[in-house]
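Visitor: Hi, could you walk me through this one? I am new to looking at structures, so I may jump around a bit.

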Amino acid sequence: MDNHIKVLLKDHALRLTQGRADVIAVFLNHEVAISHADIETAVDGKYDRVTIYRTLKSFLDKGLIHKILDDRGGIRYALCADECSEGSHQHNHIHFKCNKCEQTTCLEHVEIPSVKLPRGFTGEESNFLITGICDKCKQR
């Protein structure tokens, strides 16, 4: 088992299991955000849908991954930056979904613009999705 995977799980206070290691490996092998179905396909039926769901939930709760809502109401997941921890996600960045390849990418260095909320409202999380054509598809 990859040492990087062991360190990631330990740093996020997650017990090492083969299932968790396999799901983390899927994230590490993708440069883009992935769906529950992508993970199911990648682990080739080794784990059932509920096991994968619970694994993703524990990763979300511990700040290892974050959720991305896409333009069709679907959910994708991506590894968090190093600053995330349990109860404190620091992924205030733009997500970009390509209309051609349908890949969703975290644009880590592009921050979400500041939004002034009306009095009495307290923001807890922001999701900012831009759709268009990615650099790879433009070059094809």
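**Starting at V7**

Guide: We can begin with V7, which counts as partly exposed because its relative accessible area is 37%. Please keep in mind throughout that this is a predicted model.

Visitor: Okay, and where does V7 sit?

Guide: V7 belongs to helix α1. If you look across to I75, which is 68 residues apart from V7 along the chain, you will find that their C-alpha atoms are separated by 26 Å.

Visitor: Let me zoom out. How many helices and strands does the chain have?

Guide: There are 5 helices and 5 strands in the chain, and reading from the N terminus the elements follow the order α-α-α-α-β-β-β-β-β-α. The radius of gyration is 16 Å, close to the 14 Å that the globule rule gives for 140 residues, so the chain is as compact as a globular protein of that length.

Visitor: And what size of box do the C-alpha atoms fill?

Guide: Taken along the principal axes, the box is roughly 45 × 45 × 25 Å. Of the 140 residues in the chain, 36% are buried.

Visitor: Which residues have the most contacts inside the largest nonpolar core?

Guide: That core has 20 residues, and those with the most contacts inside it are F27, I39, L56, F59, L64 and I65. Two or more residues come from each of α1 (3-11), α2 (18-28) and α4 (49-61), and the largest share, 5 residues, is given by α2. As a general background, nonpolar side chains in soluble globular proteins tend to be buried together.

Visitor: What does L64 touch, leaving out residues up to four places away in sequence?

Guide: With those left out, L64 touches L8, L9, H12, L14, I24, F59, A78, L79 and C80.

Visitor: Back to α2: why is it said to be largely enclosed?

Guide: Helix α2 is largely enclosed by the rest of the structure because 8 of its 11 residues are buried. These buried residues are G19, R20, A21, D22, V23, I24, V26 and F27, and they pack against α1, α3 (36-42), α4, β1 and β2.

Visitor: New topic, pockets. How much space lies in the second largest one?

Guide: About 250 Å³ of space lies in that pocket, and its lining residues include E31, F96, C101, Q103, L107, D135 and R140. Two or more lining residues come from each of β3 (93-98), β4 (104-111) and α5 (135-138). Sorted by class, the lining has 6 nonpolar, 2 polar and 4 charged residues.

Visitor: What about R72, is that one buried or exposed?

Guide: R72 is exposed, with a relative accessible area of 62%, and its place is the loop between β1 (65-69) and β2 (75-79). Leaving out residues up to four places away in sequence, R72 touches K97 and E102.

Visitor: And where is E102?

Guide: E102 lies in the loop between β3 and β4, and it is partly exposed, with a relative accessible area of 32%. Its phi is near 65°, a positive value in a residue other than glycine. For context, most residues other than glycine have a negative phi.

Visitor: What is the phi of A13, then?

Guide: The phi of A13 is near 55°, again a positive value in a residue other than glycine. A13 is in the loop between α1 and α2, and it counts as exposed at 56% relative accessibility.

Methods
Residues numbered from 1 in each chain as written. Predicted model: local features only at pLDDT ≥ 70, side-chain atom pairs only at ≥ 80, totals over all residues. Heavy atoms only, no water. Core = buried A, V, L, I, M, F, W, Y, C linked by side-chain atoms within 4.5 Å. Buried < 20%, exposed > 50% of the residue type's maximum accessible area, 1.4 Å probe, protein only. Helix = DSSP H or I, 4+ residues; strand = E, 2+ residues; numbered from the N terminus. Contact = heavy atoms within 4.5 Å. 1 Å grid on protein atoms, 1.4 Å probe; cavity = no way out; pocket = protein on both sides within 12 Å on 5 of 7 lines; lining within 4 Å. Points joined across faces, edges and corners; volume = space filled by probe spheres on them. Nonpolar A, V, L, I, M, F, W, Y, C, P; charged D, E, K, R; others polar. Rg over C-alpha atoms; globule rule 2.2 N^0.38 Å.
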